[in-house]
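Colleague: I would be grateful for a close look at a single part of this model, followed outward into the parts around it. Please keep to what can be read from the coordinates.

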Amino acid sequence: MVASALIALLAAAAFGAGAVLQHHGANLVARRFPLHPALVRDLLRQPWWLLGAVVDLVGVGLHLLALSVGPLTVVQPVLVLSLVVGLLLQPLFGRPVHRGQLVSASVTVVGLAAFLVTLPRDPTSPTGTHWASGVVATLVLVALAYGLTRWPPARAAGLGTIAGAVLSLSAALAKAWLPLLAAGALGVLVRTWQLWAGCALGLAGVLITQVAFQAGALGPSLAALTVSQPAVGVLLGALVLDEAVFSGPTGVVQAVGLAGALTGVALLVMQTSSEAGPSDGPGP
């Protein structure tokens, strides 16, 4: 579990750096509807976005490696730290980091640490959290409503949440075919629906993320993206993969820790929305 957390930490750093570069590049191309073919063409011609994509691919490789050696309920929450990395790298593109944002980021890190330290060590203990499917559906519906609004921070946060949910579903499917990849059974792997569905969801999540980046400042979109991935990942791990979470005598600490991490991200969204200046808006 320690090894998977450390690898996931490196993946989070890569995702945070890649997000900053991709956000900058996405705001230098024309706005497009999610999954529009021209969006792919425009992004592939943008050097900043391409650099961010390369860094992001490194993060994807590390993410898959972490999933191959650890449970989804550990790997996905660590990805929240990509928000902190992205926040600290924003000044490179002329966007200062305010004290309130650093405090909120600290709350996120402390809450995440409390959650991870108290996770049960038995990754196959049943949890009985079958209500999780309703929570996931509600989260996606609320995010869709926000994504359809015209207020940039709400639209960016809604689209970022949808992208995070889609990417988390892709990660859950990867847990099914990673053992085949590790065993070298490529012939069997290419015939599994989980591989192709996971790749399709991953591509869709990346494209929706770019539209979220175009909607406004990096803070709301990246915060929503990083909070929805671990939230949905934890729920899917408990619901589908029977990974232990919110169980045992430390269940309350787990719940409070995760709630603290989510609260820190929500504060970052509000602070970024209120402090965003004209230079933080979407590009042409």
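Modeller: G16 is buried, because its relative accessible area is 0% and burial is assigned to values under 20%. The model is a predicted one. G16 belongs to helix 1, which spans residues 2-26. Leaving aside residues up to four places away in sequence, G16 is in contact with S82, V85 and G86. Helix 5 runs over residues 81-89, and the C-alpha atom of L89 is separated from that of G16 by 8.3 Å, although the two positions lie 73 residues apart along the chain.

Elsewhere on helix 1, the setting changes. L6 is also found in helix 1, but L6 counts as exposed, because its relative accessible area is 51% and the exposed class begins over 50%. Together with V2 and L9, L6 makes a nonpolar surface patch of about 290 Å².

Helix 1 also has a part in covering helix 2. In helix 2, which comprises residues 37-44, the residues A38, L39, D42 and L43 are buried. These four lie on the same side of helix 2, because they cover an arc of only 135° around the axis. A general property of helices bears on this arrangement. An α-helix has 3.6 residues a turn, so residues three or four places apart point the same way. The cover over the buried residues of helix 2 includes helix 1, helix 3 and helix 10, the last of these spanning residues 193-214.

One of those buried residues, D42, takes part in a salt bridge. The side chains of R41 and D42 meet with a nitrogen-to-oxygen distance of 3.2 Å, and the structure holds 1 salt bridge. Side chains of opposite charge can pair when their charged atoms come close. The two partners differ in exposure: D42 counts as buried, because its relative accessibility is 13%, whereas R41 counts as partly exposed, at 39%. R41 is itself placed in helix 2. Its C-alpha atom is 10.0 Å from that of V29, and R41 and V29 are 12 residues apart in sequence.

Helix 3, which contributes to the cover of helix 2, extends over residues 47-69 and contains H63. H63 is buried, because its relative accessible area is 9%, below the 20% limit. Not counting residues up to four places away in sequence, H63 touches A11, F15, V75, Q76, L79 and A171. Among these contacts, A11 and F15 fall within the residue range 2-26 of helix 1.

Helix 3 also supplies one partner of an aromatic pair, and the structure holds 1 such pair. The rings of W48 and F93 have centres 5.3 Å apart and planes at 80°, so the pair is edge-to-face. W48 lies in helix 3, while F93 lies in the loop between helix 5 and helix 6, and the pair thus links distant parts of the chain, 45 residues apart. W48 counts as partly exposed, because its relative accessibility is 38%.

Helix 6, on the other side of that loop, covers residues 99-117 and includes T108. T108 counts as buried, because its relative accessibility is 1%. Residues up to four places away in sequence again set aside, T108 touches V80, A261, G264 and V265. Of these partners, A261, G264 and V265 fall within the residue range 251-275 of helix 12. L267 is likewise found in helix 12. L267 is partly exposed, because its relative accessible area is 32%. The C-alpha atoms of L267 and V107 are 9.5 Å apart in space, with the two positions 160 residues apart in sequence.

These local views may be set against the whole protein. There are 12 helices and 0 strands. Of the 284 residues, 52% are buried. Among contacts between residues at least 6 apart in sequence, 82% join residues at least 24 apart. The accessible surface comes to about 12500 Å², and 75% of that surface belongs to carbon and sulfur atoms.

Terms used:
Residues numbered from 1 in each chain as written. Predicted model: local features only at pLDDT ≥ 70, side-chain atom pairs only at ≥ 80, totals over all residues. Heavy atoms only, no water. Helix = DSSP H or I, 4+ residues; strand = E, 2+ residues; numbered from the N terminus. Buried < 20%, exposed > 50% of the residue type's maximum accessible area, 1.4 Å probe, protein only. Contact = heavy atoms within 4.5 Å. Arc of directions from axis to C-beta. Patch = residues over 30% accessible without salt bridge, like charges linked within 9 Å, V, L, I, M, F, W, Y side chains within 5 Å. Areas by Shrake-Rupley, 256 points an atom, 1.4 Å probe, with all protein chains shown as cover. Salt bridge = Lys/Arg side-chain N within 4 Å of Asp/Glu carboxyl O. Phe/Tyr/Trp six-rings, centres within 6.5 Å; stacked < 30°, edge-to-face > 60°.
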